[in-house]
Amino acid sequence: MAAAEPDSGGAVTTAVVAVGTACVLIVGALLVWSRTRRVVTTPAERAVYSALHTASLAARPLRQGLNDRSAQEAAPHLRILTGADALGVADADGTLLAWDGPHSDLAEPFADAARRAVATERPVLVSGPGRGEHAGRTLIAQPLLIENAGVAGALGVVTTGKPEPGRLGAVAEVARYACGQLELAELDASRARLDRAEVRALRAQISPHFIYNALNTVASFVRTDPDRARELILEFADFTRYSFRAAGEFTVLSDELRNIERYLALERARFGDALQVRLQIAPEVLGVVLPFLALQPLVENAVRHGLAGATRGGTVTIVAADAGTDCVISVEDDGIGMDPDLLRSGALDAIETGTGPAGSRESAHVGLANVDDRLRAAFGNDYGLIVETAPGAGTKVSLRVPKFRAGIQA
């Protein structure tokens, strides 16, 4: 019976050896990791990382332009980059916007030096007054030169002792970096102004013919169907209120579709059963953000140029589908179509139809180039319009918008 008992001592020995081997492997891995860790985090690399991180912290407020708030938020980070004892920021008039660090008694001399630096567009050095611990101070006022825009202000640093060429070069480079961020801020502001101008231009292109025809349609119902006339007047009022609202450059898909429904209600009252509309909208994309009035020109073109010239009438199909990280939207009609060669010229808004009498030819794609430009400016060149058409085969205009893009909101 004793011979049948298991050898428990051997099992324990095997387990101890296995555990010991695992410990050796873990310790070896930790040693390799620690050696690798030391290699990739040398003092020089840590210094580079620290400088880049500090520069990124300074860039965030400066991208909002130069003002009291942005200067106060950026000043501590700029002071670290220059290695100065204190740092000040002034605007183009020499008004002090921010002061970070000691030596606040030099704030007023810095304002005077900043005005001189702005006027001459050259750095100004001032030996600061004081005795004891304040002796030997130097104030450097470096102008912030913006390319093609003049001088935005001045950067002032306070150092103790005689300033070395390396310190002067560092101050100049930090000022140049700040100027680069301010130039980007001005570019962002210019783009925003351009976007607003393009929206105004697009509003101006909303067809006067549609407005005229809508009012005529309403007038035709005043006597025969007053209730219908009242409904159409309300639809027209809501349509114009949305189209000409004082809002941002972006909106959500649900609001854009709601306005398109108002437009189509007015057009269906005009065309009757000749105009059919099909909607296929995925609920999960209703909150997607897109440029304001991005879809209305597509639908208006589908009705005006896809169906108006077709005696049998036709159908407009609007689809908004979920495509992973993007939303794909298309507006399609089964109308007269057009020659694809005209589209290859790239002049979307210069294409003309030949359906009307001489002297009354109209642009076949009013607003499409505007929408295409705004999509590419907001989301990149991968998000422009795609037009598929052929004579007699209708036209389909598609666009993609990301479901989420940092910095873009309605």
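At what angle do the axes of helix H2 and helix H3 cross, and within what distance do they come? In this predicted model, the axes of H2, residues 43–62, and H3, residues 68–82, cross at roughly 160° and come within 8 Å. Angles over 145 degrees count as roughly antiparallel, and H2 and H3 are therefore roughly antiparallel to each other. The crossing in which H2 passes H3 is left-handed.

Let me turn to the residues at this contact. On the H2 side they are Ala51, Thr54, Ala55, Leu57, Ala58, Pro61 and Leu62. These meet Ser70, Glu73, Ala74, His77, Leu78, Ile80 and Leu81 in H3. By class, the residues of the contact of H2 with H3 comprise 10 nonpolar, 3 polar and 1 charged.

The second helix pair is H7 with H8. Helix H7 covers residues 226–243, and helix H8 covers residues 253–271. Their axes lie 9 Å apart, and the packing angle is about 140°. How are H7 and H8 oriented to each other? The threshold for roughly antiparallel is over 145 degrees, and H7 and H8 are therefore oblique to each other. Their crossing is left-handed.

From H7, the contact draws on Arg228, Leu232, Glu235, Phe236, Asp238, Phe239, Tyr242 and Ser243. From H8, it draws on Asp255, Glu256, Asn259, Arg262, Tyr263, Ala265, Leu266 and Ala269. In the contact of H7 with H8, 8 residues are nonpolar, 2 are polar and 6 are charged.

Helix H8 also leads us to the sheet. H8 lies across strands E7, E9 and E10, the last of these being residues 326–333. Relative to E7, H8 runs at about 165°.

What is the strand order of this sheet? The sheet is open, has 5 strands and follows the order E7-E9-E10-E12-E11, with mixed pairing. Its edge strands are E7, residues 275–281, and E11, residues 386–389, each of which pairs on one side only. On average, and with direction ignored, neighbouring strands of this sheet are turned by 10° against each other.

As a general remark, the strands of a sheet pair through backbone hydrogen bonds, either parallel or antiparallel. How do E7 and E9 run? Strand E9, residues 314–323, is parallel to E7, and 7 bridges join the two. Leucine 279 has isoleucine 318 of E9 standing opposite.

To close, I return to the two helix pairs: H2 and H3 are roughly antiparallel, whereas H7 and H8 are oblique.

Key:
Residues numbered from 1 in each chain as written. Predicted model: local features only at pLDDT ≥ 70, side-chain atom pairs only at ≥ 80, totals over all residues. Heavy atoms only, no water. Pairing = 2+ DSSP bridges. Helix = DSSP H or I, 4+ residues; strand = E, 2+ residues; numbered from the N terminus. Axes fitted to C-alpha atoms, helices over the stretch in contact; angles between N-to-C directions. Contact = heavy atoms within 4.5 Å. Parallel < 35°, antiparallel > 145°, perpendicular 65-115°, else oblique. Left-handed = near helix turned anticlockwise from the far one by under 90°. Nonpolar A, V, L, I, M, F, W, Y, C, P; charged D, E, K, R; others polar.
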